[in-house]
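Trainee: Hey, got a minute to go through this one with me? I'd like to get a feel for how the chains are built and where they touch.

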Amino acid sequence: MVGIGDAVETAARPSGWRRLRRGLAACPPLVSACALWLAVAVGVALVTELISPYHYAQIDLRARLQPPVLLGGEWRHALGTDELGRDVMSRLFYSIRMSLLVALLGTAIGAVLGTMLGFLAAHFRGWIDDLIMVLVDFQASMPFIIIALSVLAFFGSSLTLFIALMGLFGWERYARLVRGMTLSAKEHGYAVAIRQLGASPWRVYSRHILPNIASALIVNVTLNFPEHIILETGLSFLGLGVQPPLTSLGNMVGYGREYLQSAWWIAVFPGIAIVLTTLSMSIVGDWIRDRLDPTLR
Amino acid sequence: MLRFLATKLLRALATVVLVVTFAFVVLRVSGDPAMLIMGAEAPPDAVAAFRTAWGLDEPLWRQYIDYFAAIAEGNLGQSMRDRRPALQIVLDRLPDTLWLMVPALLVKLLIGIPAGIYAALHRDTWVDRATMAFSVAGYSVPNFVLGLLLILLFAVNLRWLPSSGSETGWHAVLPVIVLGTAGAGILARFTRSTMLEVLGQPYVRTAVAKGVAWHRVVNWHALPNAAIPTVTVIGFMIGSLIAGAVVTESVFAWPGVGRQLVIAVSQRDLAVVQVILLLVAASMTVSNLTVDLLYGWLDPRVRTVAPKEG
Amino acid sequence: MTLNKTRRRLIAGTLAAPFVSRISLAFAQSDRRPSLTVAVADLPPTLEPALELSNVGTRITYSVFDTLIRRDFLGSPDGGGSALKPHLAASWQRNGAQELVVELRRGVKFHNGDELTADDVVFTFAHGRLWGEKRTIPEGAAYFSVLEGVEALDRYRVRFRTRVPDVLLEHRLSSWASWIVNRRAYEAEGIDGFGQRPVGTGPYRARRLARDQAYEFEAFDEYFMGPPAARTVTFRSIPQLATRMAGLASGEFDLITNVPPDQIQTIERGRDVEARSVVLANSHVLVFDERGPAMGDKRVRRALSLAIDRQALVDGLWLGRAKVPASHNYPEYGAMFVEGRQLRYDPAQARQLLREAGYSGERIVYRAAPNYYTRSLEAAQVMVEMWKAVGINAALQVVENFTQMRGAGQQIGQWSNSTRFPDPLGAVWVAWGPAGEPQRRNGRPRTPSTRPAVRSSARPIRRGANSSSPRCWTPGKTSARARSSTSR
């Protein structure tokens with residue numbers, strides 16, 4: 001996929017970053033809006049304790065299912081309360097933090113794990129390659145519910161392990177991608193030339209091949225990050241996601257689905273947060289990819 | 001070519017065995033089918049009798065060997081809930097599953113791919129942005145929320161469509177919409193990015209510079225190259241045809257294999273789970289195999305086994 | 001119940017009586033009876049009536065089978081009546097504390113055309129089915145381990161003999177385990193086949209059973225109490241609550257079950273729709289394992305129990321439709337009901353007990369499964385907060401199933417105890433007695449103080465005379481504090 005002519009552009013890699021900085025100044029309003037939402041979300045995640053009027057687990061059985069303030073509720077619970085009388089706004093903030101944390105770490109773990117295994121497979125070939133490919137196939141063939149269930153069963157509902165579980169989701173696509181692109185990149189003129197000049201394999205990979213496949217990886221990350229949020233929602237539907245009393249966006253939507261007709265605010269606000277975050281992540285990710293990719297006009 | 005096939009087949013077999021083994025161990029260790037199927041109030045001697053009858057008190061390695069020995073004889077086990085053959089139970093649900101998943105797959109392909117190509121060809125225009133926004137919206141709304149909203153609108157308020165079950169073709173409309181929108185969104189985004197990569201390739205620029213008509217450039221140069229990674233994704237989608245719609249099937253009470261997997265797993269109905277996993281692993285590896293073969297046909301560079309100087 | 005005038009759509013908490021019309025009419029030509037569709041959360045895998053003894057099974061088997069003696073649930077306004085009426089048995093007579101002779105009603109037909117005779121009854125209660133070492137119905141022992149023999153005296157009379165004096169035999173014969181099965185079909189099909197093609201005497205006959213999907217039944221017009229009120233009844237498995245509610249609102253379902261109280265208001269917005277709830281004879285229990293860390297001191301356990309405001313739970317989560325029971329002690333026990341007992345809420349005393357016990361903040365974990373019963377997870381979260389409020393370092397751990405719940409280190413777990421027939425021997429004794437799960441799983445109790453006389457008795461005795469509750473055994477391993485009965 002990378003032509004010989006691009007060896008020149010690859011060697012002039014810094015121009016990609018320069019292009020990014022130039023692009024930042026001239027980004028379209030939609031992208032700015034999305035970036036703003038993401039910044040807000042990250043901000044909320046960082047200062048949750050400061051801005052939440054209540055603790056997320058604070059129960060008040062006499063104030064159950066209160067509507068938001070503009071629909072007959074009180075300012076005390078501006079976005080209403082849920083089925084146990086907990087403040088929806090506070091839970092929303094904590095959920096944003098939890099979901100972003102889980103998705104971020106899960107994506108990072110999956111990307112790093114998958115990329116490393118992809119490199120290993122492409123570098124060593126032979127039986128290591130076959131073994132890693134079998135693992136990739138295994139991951140793709142095993143319905144994720146079983147994996148999720150086994151983690152929940154063996155390790156209980158510990159959050160750390162749940163994040164590790166999320167890291168297992170999607171690594172196989174990075175591995176396949178990296179392996180495929182590395183294999184073809186290895187055989188291109190520039191790579192062969194650099195190896196013959198005596199560079200160590202790791203130098204070849206990290207300084208020459210990785211930047212070329214970076215744009216494909218970034219696309220994958222921007223697709224993968226929201227997938228984690230959505231996966232977590234699906235797992236919560238099945239009761240396998242973030243467990244109470246902890247809360248996440250998927251958790252709120254999952255447990256709020258019973259109330260779509262009566263207390264819709266429990267599920268709709270986190271649902272909107274999910275859609276906005278996913279949308280923003282995708283649009284911003286596309287834009288970054290467009291700026292970084294040296295092969296695009 | 002034969003070597004190529006042989007290694008692929010061996011890999012496929014290894015995957016299937018690994019999948020079955022993993023599930024075997026995990027399910028047995030993390031839950032007791034006897035207690036789950038008989039209920040929490042069942043008397044302990046009855047639970048013990050159940051475990052003995054189904055061989056659950058044997059050591060794990062022994063159960064494992066017995067299981068594979070039975071498969072070799074063609075016996076895939078019985079459901080612990082009603083003692084009917086596990087294979088029969090799963091195959092009974094297969095037609096309904098396919099009636100849901102195949103139309104959904106068609107919707108994904110017929111909407112997603114053209115949308116992605118169109119967006120790529122009109123990059124950075126409002127068409128592109130709108131298509132991408134819709135695509136993302138398609139897969140970011142949680143599918144059970146979309147399903148419930150559609151039910152409320154079309155079944156309860158308008159009464160145009162049924163809300164659950166699988167009797168007629170009309171019953172499949174709402175679940176197919178739910179499945180199709182998410183998949184079409186994913187496919188659209190993916191196709192767009194692949195097309196953009198291909199359109200930025202030097203040979204495309206060369207073709208345009210040579211004066212080749214744009215539609216020929218797209219159809220004869222860009223699309224075939226973009227097909228390669230797209231085919232991979234489609235391969236994954238086909239592989240997950242059998243058990244990939246767990247949530248949707250649950251919302252619409254569609255009697256598919258995905259829903260059956262959830263029930264069987266939560267009750268540790270081991271034989272049924274293992275049959276489903278075998279089928280899923282087999283279909284995934286078959287579709288991967290097909291994709292690899294298609295690769296060989298689509299991209300001549302991949303056919304060479306030994307690395308060559310580029 | 002009117003026939004086909006208006007299709008009133010109902011939601012049932014549980015339905016104790018089958019769909020039956022009191023008027024027997026001849027349906028010669030056009031059958032204008034309604035076809036009913038009932039949406040349930042799940043379907044039992046088999047219709048062998050004594051194998052499926054949870055509410056999942058009994059709500060179906062009630063319409064397909066009959067018992068010899070009928071418990072008149074609707075005789076009491078709350079649906080919990082415990083008077084006994086003749087059903088398949090026209091009359092019965094006691095010949096001493098250990099013998100009961102039952103006279104069958106004549107002319108009762110099975111779904112396959114056979115007439116009900118003593119043969120079928122003897123077969124239903126034969127050694128090896130519901131009782132005996134190697135019985136095919138494992139849970140039958142809880143009901144019928146007292147039996148010594150069942151014989152047919154002639155074509156329509158059966159004699160039951162028990163090993164010990166048993167005043168509850170009539171109640172046992174009216175319970176869920178006592179559905180009369182057709183001998184010919186059972187012997188021909190075997191237990192598994194019979195479960196897929198059941199033959200009983202009830203008002204509805206099985207037509208088509210699609211596993212985990214829909215069970216269809218058609219009217220059995222030769223039913224001895226008269227032709228049933230519906231032409232067909234279909235039970236559909238609709239796992240999601242929202243889908244069940246949508247189907248009810250759109251007219252696709254006539255009845256739905258398992259509705260939490262929160263949703264009743266939404267449902268009753270529809271025209272023609274009504275919600276009914278019944279308090280079930282089932283208590284949700286917390287199980288304390290004394291071997292768990294910090295759980296060994298009785299004062300800590302009492303504190304845990306005193307810290308729970310059960311009425312607040314009932315009012316908040318179940319909107320008052322459940323009841324806080326007076327421990328394992330219900331009005332339907334009749335003479336055996338002890339008045340004036342209650343489960344107290346006293347957080348001040350809880351704190352004091354914790355101080356006395358020297359509780360120093362050890363973590364106490366409540367393991368709960370997500371869907372054990374309606375609102376179980378919400379209740380768990382509330383209880384953890386209530387415990388925290390009295391200073392207990394409580395935490396919730398969600399587990400997937402009971403194996404995980406009862407794994408090593410268990411401190412507090414969930415359970416539920418059903419009343420199989422209205423007597424302590426049919427409830428707390430079955431669950432917590434020598435044959436029950438806690439004792440069997442955890443070995444013999446430390447100081448058994450069982451009173452054999454309590455196991456059965458020749459005549460009804462007043463509970464009050466025996467001081468407090470019959471102490472089945474002293475806590476050796478686990479103890480329980482009932483939380484609340486619920487409506488489903």
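Mentor: Sure. One thing before we count: helices here are DSSP runs of H or I with at least four residues, strands are runs of E with at least two, and both are numbered from the N terminus. Also keep in mind that this is a predicted model.

Trainee: Okay, how many helices and strands are there in chain A?

Mentor: Chain A has 13 helices and zero strands. Reading along its sequence you get α-α-α-α-α-α-α-α-α-α-α-α-α.

Trainee: And what does the secondary structure of chain B come to?

Mentor: Chain B comes to 13 helices and zero strands. Its pattern along the sequence reads α-α-α-α-α-α-α-α-α-α-α-α-α.

Trainee: What does the C-alpha trace of chain B span?

Mentor: About 85 × 60 × 30 Å along its principal axes.

Trainee: How much of each chain is buried?

Mentor: In chain A, buried residues make up 51% of the 297 residues. For chain B, 46% of the 310 residues count as buried.

Trainee: And what share of the contacts is between residues 24 or more positions apart?

Mentor: Looking at contacts with a separation of 6 or more, such pairs account for 71% in chain A. In chain B they account for 72%.

Trainee: Let's zoom in on a residue. Where is Leu196(B)?

Mentor: Leu196(B) lies in helix 8 of chain B, residues 173-199.

Trainee: Is Leu196(B) buried or exposed, and why?

Mentor: Leu196(B) is buried, because 25 C-beta neighbours sit inside 10 Å, and the cut-off for buried is 20 or more. For a sense of distance, try Asp32(B): its C-alpha atom is 52 Å from that of Leu196(B), and the two are 164 residues apart along the chain.

Trainee: Now helix packing. How do helix 5 and helix 8 of chain A cross?

Mentor: Helix 5 (residues 88-124) and helix 8 (residues 159-167) of chain A cross at roughly 50 degrees, and their axes come within 7 Å. That makes helix 5 and helix 8 of chain A oblique to each other, and the crossing is right-handed.

Trainee: Which residues make that contact?

Mentor: From helix 5 of chain A, they include Val102(A), Leu105(A) and Ile109(A), and from helix 8 of chain A, Phe162(A), Ile163(A) and Met166(A) are among them. By class, this contact of helix 5 with helix 8 of chain A has eight nonpolar, three polar and no charged residues.

Trainee: What about helix 1 and helix 13 of chain B, at what angle do they pack?

Mentor: Helix 1 (residues 2-30) and helix 13 (residues 270-298) of chain B pack at about 155 degrees, with axes 9 Å apart. Angles over 145 degrees count as roughly antiparallel, so helix 1 and helix 13 of chain B are roughly antiparallel. This crossing is right-handed.

Trainee: And which residues meet there?

Mentor: Among them, Val16(B), Val19(B) and Phe24(B) in helix 1 of chain B, and Leu277(B), Leu278(B) and Leu289(B) in helix 13 of chain B. The classes for this contact of helix 1 with helix 13 of chain B are 14 nonpolar, three polar and three charged residues.

Trainee: Switching to between chains: how many residues of chain A are in contact with chain B?

Mentor: 45 residues of chain A are in contact with 47 residues of chain B. On the chain A side, helix 13 of chain A gives the most, with eight residues. That side divides into 26 nonpolar, 13 polar and six charged residues.

Trainee: And how many residues does the contact of chain A with chain C take?

Mentor: That contact takes 20 residues from chain A and 19 residues from chain C. The chain A side there has ten nonpolar, six polar and four charged residues.

Trainee: In what order do the strands of chain C's open sheet run?

Mentor: The order is 5-6-8-7, four strands with antiparallel pairing. Strand 5 (89-94) and strand 7 (147-154) of chain C are at the edges, each with a single partner strand, so one side of each has no neighbour in the sheet. From one strand to the next, the twist averages 20 degrees.

Trainee: How many bridges join strand 6 to strand 8 of chain C?

Mentor: Five bridges join strand 6 (residues 99-104) to strand 8 (residues 157-162) of chain C, and the two run antiparallel. Have a look at Glu103(C), which stands opposite Arg157(C) in strand 8 of chain C.

Note on methods
Residues numbered from 1 in each chain as written. Chains lettered and ligands numbered in written order. Predicted model: local features only at pLDDT ≥ 70, side-chain atom pairs only at ≥ 80, totals over all residues. Contact = placed C-beta atoms within 7 Å. Nonpolar A, V, L, I, M, F, W, Y, C, P; charged D, E, K, R; others polar. Buried ≥ 20, exposed ≤ 12 C-beta atoms within 10 Å, placed from the backbone. Pairing = 2+ DSSP bridges. Axes fitted to C-alpha atoms, helices over the stretch in contact; angles between N-to-C directions. Parallel < 35°, antiparallel > 145°, perpendicular 65-115°, else oblique. Left-handed = near helix turned anticlockwise from the far one by under 90°.
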